[in-house]
Amino acid sequence: MNEFEKRIEILYKERFGQLISLILQRFRHMPIDWAEDMVQETFTAAAVHWPKTGVPENPSGWLYQTCKNKTINLLKKNAKNTELSLAKMVPAAAEEISEDGFKDAQLRMLMACCHPHLTPKTQIVLALKYVANLKVENIALLLGAEPDAIEKMLYRARQKIKSEALILSTGLYGYSVERLSVMHKMIYLIFSEGYKQSGEKISQGKILCEDALILNKFLFDSPLCNPETKALQALMLFNVARFDARFDEQSNAVELEYQDRTLWDQSLIALASLLLTESADSSFSPYHLEAAIACVHCTARKFEDTDWGAICKYYDMLLKVYPSPFAEINYAVALQYNQQNDKAFSILMDLHRNPYFNKLPILELTIRKYFAQHSVHPAP
């Protein structure tokens, strides 16, 4: 891969969804698959022209202008005169897009993907595709589905948007309150996808985590911000503060017990602690409880100093408001460290007997560790 191909690949990862959002904002009734085609054609044009002319001084601006011009030409062919006149109202030279403009477009796209006429799973798939810019294969892996199923879901979503004339562009405060909790979920999914990356994909994972933090920061700085927004920001900051300690020099994962805590970013931990305190509310969201668990880990000077009693209490509360097999597994681990082995064993065996969960790799690993630590062997 040459220098130009690398630069275009990075820009594609950063700008794909943002450009689609900007085109949909400019041409409000344009089908999303048309906008996607225009963006794809624009990057193809960059791959052809930039090796000959050099990378433009403002490559993102070049991409937007080229994409808009291609869209105008497409609309001319399809006689969308109303949309065309709207596009011509602003001269191209005056329509420069700043970095904040691109990030704003990303947030608008996130909100648009949370359209109430779309099912929750469709909302998630659209957001992972057009906001996080994940490939279909990665979306499938994240959601535990086959790539073909994700392709079909995207196709049906585009057809629904087209047939029902759903406008996938919106003002930042239109419909926002009712969509805010879904937006939080999307942002955390994007963050989680980045945080779990390992090996050669660690740097890509860190970029995804940063994207999620930036998206939530836009919400944080807007009138939409609520206690859940602050708790989510705190949770992500607690986790990012430990990012560099999670892998050794060979990119192998390092368990929490053996991480070098001097590598943890104490300034991020302090900021996360402050946000968690400010997020206090009459009721706790899952983000509050997960952030509280992360806070206990981050503020323990040594692994042996961890307050496992507090962590068990938070997991018990979390499972009542947001049951999850992954939370149950972590609860079982915390119970073991809190000398509640019988309860931990019961939780792990209940999960193991469940046909939906017993093939989870993390469950199998946790059960093996349990038996190894207690010098017993699983039943055949």
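1. This note concerns a predicted model, and it opens with R158. With neighbours within four places in sequence left aside, R158 is in contact with I32, D33, E36 and Y130. R158 belongs to helix α8, which spans residues 147-163.

2. Is R158 buried or exposed? Its relative accessible area is 16%. Because the cut-off for buried is under 20%, R158 counts as buried. The side chain of R158 is also joined to that of Y130 by a polar contact of 3.1 Å.

3. E36 is one of the partners of R158, and E36 is found in helix α2 (residues 32-53). The relative accessible area of E36 is 9%, so this residue is buried. Apart from residues up to four places away in sequence, E36 touches F16, I20, K129, Y130 and R158.

4. Y130 and K129, both touched by E36, are among the buried residues of helix α6. This helix covers residues 120-130. Of its 11 residues, 9 are buried, and therefore α6 is largely enclosed by the rest of the structure. The buried residues are T122, Q123, I124, V125, L126, A127, L128, K129 and Y130.

5. I20, another residue touched by E36, leads to the nonpolar interior. Which residues have the most contacts inside the largest nonpolar core? They are I20 and F238, and this core has 91 residues. Helix α9 (residues 176-195) gives the most to the core, contributing 9 residues. A second core, separate from this one, has 27 residues, including I293, Y315, A327 and L351.

6. The surroundings of I20 can be listed in the same manner. When its neighbours within four places in sequence are left aside, I20 is in contact with I32, A35, E36, V39, M109 and Y130. Y130 thus appears in the contacts of I20, in those of E36 and in those of R158.

7. The final point concerns the packing of two helices. Helix α1 (residues 3-26) packs against helix α3 (residues 59-77) at an angle of about 45 degrees, and their axes are 10 Å apart. That angle is why α1 is described as oblique to α3. The crossing of α1 past α3 is right-handed.

8. Which residues make the contact between α1 and α3? On the α1 side they are R7, L11, R15, L19, L22, I23 and R26. On the α3 side they are P59, S60, L63, Y64, C67, K68 and T71. As a general point, an α-helix has 3.6 residues a turn, so residues three or four places apart point the same way.

Technical notes
Residues are numbered from 1 along each chain as its sequence is written. This is a predicted model: local features need pLDDT of at least 70, side-chain atom pairs count only at pLDDT 80 or more; totals for chains, interfaces and linings use all residues. Side-chain values use heavy atoms; hydrogens and water are left out. A nonpolar core is a set of buried Ala, Val, Leu, Ile, Met, Phe, Trp, Tyr and Cys residues joined through side-chain atoms within 4.5 Å. Buried means under 20% relative accessible area, exposed over 50%, partly exposed in between (1.4 Å probe, protein chains only). Helices (H or I, at least four residues) and strands (E, at least two) are DSSP runs, numbered from the N terminus. Contact means heavy atoms within 4.5 Å. A polar contact is a pair of N or O atoms within 3.5 Å; within protein, one must be able to donate a hydrogen and the other to accept it, and residues adjacent in sequence count only if both atoms are side-chain atoms. Axes are lines fitted to C-alpha atoms, for helices over the stretch in contact, and angles run from 0 to 180 degrees between N-to-C directions. Angles under 35 degrees count as roughly parallel, over 145 as roughly antiparallel, 65 to 115 as roughly perpendicular and the rest as oblique. A crossing is left-handed if the near helix is turned anticlockwise from the far one by less than a right angle, and right-handed if clockwise.
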